[in-house]
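Q: Could you take me through one part of this structure up close? I'd like to see how the helices there sit against each other and which residues do the touching.

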Amino acid sequence: MTEYPKQERVRASERAKLLRNVGKVIQEKWNSDAGQILSDCNGQLTGDQGFLALLDEFDAFSADPLRKKSQVLAHDLLREGSINFVDEEKIAPAIDYHIIRSYLRTGRVIPKDTSLNPFLAGHPNPRPRLVNKLRETVAQAAELTAFYAGISVPDLNYVEWQIGRAICTAKNPCCTHVERSGMPNDVANLVEHACPYANFCEAHLIDEYQMYQEPVFDKGFY
């Protein structure tokens, strides 16, 4: 992990504590059988006994009010065909810093109050409410993007996360020349030489938009 550029996000001792809690909960609540979680939810994603609610038993999943980690796990299970949820249409995007950065730079989410700009350009310690409202707004924009693109939320989330990680990076948006080697083949095949959003992305057209980053928020849950 030493090569990871955002060392403040590693939080090794915190992660170790969360992993110990995962083992403890699985042992005590599901008799050491993690697969029982999928059985107990009865194919329900939402609801009091749904998959997301059962994941709230774990500290690692319950800390985030928007359930990013829970949504990521649900996305992966759906995309891999491991489970089919009867209420699959209720699945939500998993909003992390790569997704936030992409939506701000492409202009799909626009801060109307310019006083927010310092927090979207690297100024530390924004208010938790600001970060949560931003993530909620990006989630709404992602749902609309998936709807108009005619693809599922998990598929959109996967592709856009890879774009944010490998193309629209924190250091510099690579709008016109993309190194395909940094992406999985299924995403690289969607990209030729430029970011697929280059034709409409505000950061490609207006330099000011390149300043947008995710808020520097001192929490490990997203």
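A: **A close look around helix H8**

Asp-186 touches Arg-79 and Tyr-158, if you skip residues up to four places away in sequence. Keep in mind that this is a predicted model. With Tyr-158 there is a polar contact, side chain to side chain, at 2.9 Å. Asp-186 itself belongs to helix H9, residues 185-188. Is Asp-186 buried, exposed or partly exposed? Its relative accessible area is 42%, so Asp-186 counts as partly exposed, because that value lies between the 20% and 50% cut-offs. Val-159 is 27 residues away from Asp-186 in sequence, and their C-alpha atoms are 8.8 Å apart in space.

Now for the helix packing. Two packed helices are described by the angle between their axes and the distance between the axes. Start with H5 and H8: their angle is about 110°, and their axes are 9 Å apart. That angle falls in the 65 to 115 degree range, so H5 is roughly perpendicular to H8. On the H5 side, the residues that meet H8 are His-75, Leu-78 and Arg-79. On the H8 side you'll find Val-153, Pro-154, Asp-155, Asn-157 and Tyr-158. Sorted by class, the residues of this H5 and H8 contact are 4 nonpolar, 2 polar and 2 charged. Arg-79 and Tyr-158 should ring a bell: both also touch Asp-186.

Let's stay with H5 for a moment. Helix H5 runs over residues 68-79, and at 1.5 Å a residue its 12 residues should span 16 Å; the C-alpha atoms at its ends are 16 Å apart, so the two agree. Which residues of H5 are buried? They are Lys-68, Ser-70, Gln-71, Ala-74, His-75, Leu-77 and Leu-78. Their cover includes helices H2 (36-40), H3 (51-55), H4 (59-62) and H7 (128-149), along with H8.

The stretches on either side of H5 have something to show too. Most residues other than glycine have a negative phi, and most peptide bonds are trans. Arg-67, in the loop between H4 and H5, is not a glycine, yet its phi is positive, about 55°. With a relative accessibility of 26%, Arg-67 is partly exposed. After H5 comes Gly-81, which has a positive phi near 75°.

H8 has another partner to look at. Helix H6 (residues 97-106) packs with H8 (residues 153-166) at an angle of about 80°, and their axes are 8 Å apart. H6 and H8 are therefore roughly perpendicular to each other. From H6, the residues taking part are His-98, Ile-99, Arg-101 and Tyr-103. From H8, they are Leu-156, Asn-157, Glu-160, Trp-161, Gly-164 and Arg-165. The classes here come out as 4 nonpolar, 3 polar and 3 charged residues. Asn-157 turns up in this contact and in the contact with H5 as well.

One last residue ties in here: Thr-145, which sits in helix H7. Thr-145 has a relative accessible area of 19%, so it is buried, because the cut-off is under 20%. Apart from its neighbours within four places in sequence, Thr-145 is in contact with Tyr-103, Arg-108, Leu-156 and Glu-160. Among these, Tyr-103 belongs to the H6 side of the H6 and H8 contact, while Leu-156 and Glu-160 belong to the H8 side.

How values were computed
Residues are numbered from 1 along each chain as its sequence is written. This is a predicted model: local features need pLDDT of at least 70, side-chain atom pairs count only at pLDDT 80 or more; totals for chains, interfaces and linings use all residues. Side-chain values use heavy atoms; hydrogens and water are left out. Helices (H or I, at least four residues) and strands (E, at least two) are DSSP runs, numbered from the N terminus. Buried means under 20% relative accessible area, exposed over 50%, partly exposed in between (1.4 Å probe, protein chains only). Contact means heavy atoms within 4.5 Å. A polar contact is a pair of N or O atoms within 3.5 Å; within protein, one must be able to donate a hydrogen and the other to accept it, and residues adjacent in sequence count only if both atoms are side-chain atoms. Axes are lines fitted to C-alpha atoms, for helices over the stretch in contact, and angles run from 0 to 180 degrees between N-to-C directions. Angles under 35 degrees count as roughly parallel, over 145 as roughly antiparallel, 65 to 115 as roughly perpendicular and the rest as oblique. Ala, Val, Leu, Ile, Met, Phe, Trp, Tyr, Cys and Pro count as nonpolar, Asp, Glu, Lys and Arg as charged, and the others, Gly among them, as polar. The expected span of a helix is 1.5 Å times one less than its number of residues.
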